[in-house]
Amino acid sequence: MLHGRFFNKNDKTNIRKILDRTSTLNLQECRSYIQASYDAMHRLHESDERIADDYKPLFDYLDSLGGRDISSTEKQQDLYNDLDCIRDIIASDMHQAYQADGYGSTRYEDQEILDMLLEKSNRELMLYPAIIWSTHWSKSKTNNKMYALRAKLRKEYDMTQYPDMYKDGKLIQS
C-alpha cells in the first residue's frame, strides 16, 4: 500500500540511496564487500564449512571476472555489466536492514549504521557486513575493532539526529 503523507520529491527512498551507491561499485569493491561478509560469518559461526560452501559460487564468479582481459573500452563495459548481479546481491543484503528480522523485531541500529555508511566513502561502506555482525561477546581482535566502530557510528548518528541531547560530544545526563 502506498502512503504519500511524508512524500517529498527531493528525498530519496532507502532503496534509491542503496542502488545509487551500489551501482558504482567496481570489481575490487564488490569482492571486498563479499569478503567482509564471509569473514564476519566465519568469525560468528567459528569456521562452519557451510559458510564456505555458501560463498564459493560468489568468489568463483568474481575470480572469473578478475581474470578477464579488459584492454578495450568494450571489454571494460562488459565487465561492468557482468558485475550487476553481484551489485544486486549487495544491494539486497543492505536493504534487509530496513525490513523486520523475522522475529518480530525491527533493525533500527542496522538502519542507522547503514544510513551513516551510505554517506561515507566506498571503503567504509565495504565494512558494513563486518560492522553489523560484530558482537560484544566475541573475543576476536577484528570483531572488537568492528564493534568499536559500530559504537562510534551509532554515537555519530545520534549526535546528528538528536543534537540537543549532546553537549561538547558527550551525552547530557538527565
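**Exercise 1. Count the positive and negative side chains of the protein, and state how far apart the centres of the two sets lie.**

Step 1. Lys and Arg count as positive, Asp and Glu as negative, while His and the chain ends are not counted.
Step 2. Each charge is placed at NZ of Lys, CZ of Arg, CG of Asp or CD of Glu.
Step 3. The protein then has 25 positive and 29 negative side chains. The centres of these two sets are 6 Å apart.

This is a predicted model, in which local features need pLDDT of at least 70 and side-chain atom pairs count only at pLDDT 80 or more, whereas totals for chains, interfaces and linings use all residues. Residues are numbered from 1 along each chain as its sequence is written, and side-chain values use heavy atoms, with hydrogens and water left out.

**Exercise 2. Describe the secondary structure of the protein and its order along the sequence.**

Step 1. Helices (H or I, at least four residues) and strands (E, at least two) are DSSP runs, numbered from the N terminus.
Step 2. The protein has nine helices and two strands.
Step 3. Their order along the sequence is α-α-α-α-α-α-α-α-α-β-β.

**Exercise 3. Place Asp 110 in the structure: is Asp 110 buried or exposed, and what is Asp 110 in contact with?**

Step 1. Asp 110 belongs to helix 6, residues 108-118.
Step 2. Buried means under 20% relative accessible area, exposed over 50%, and partly exposed in between (1.4 Å probe, protein chains only).
Step 3. Asp 110 has a relative accessible area of 10%, so Asp 110 is buried.
Step 4. Contact means heavy atoms within 4.5 Å. Apart from neighbours within four places in sequence, Asp 110 is in contact with Ala 97, Tyr 128, Ile 132 and Arg 150.
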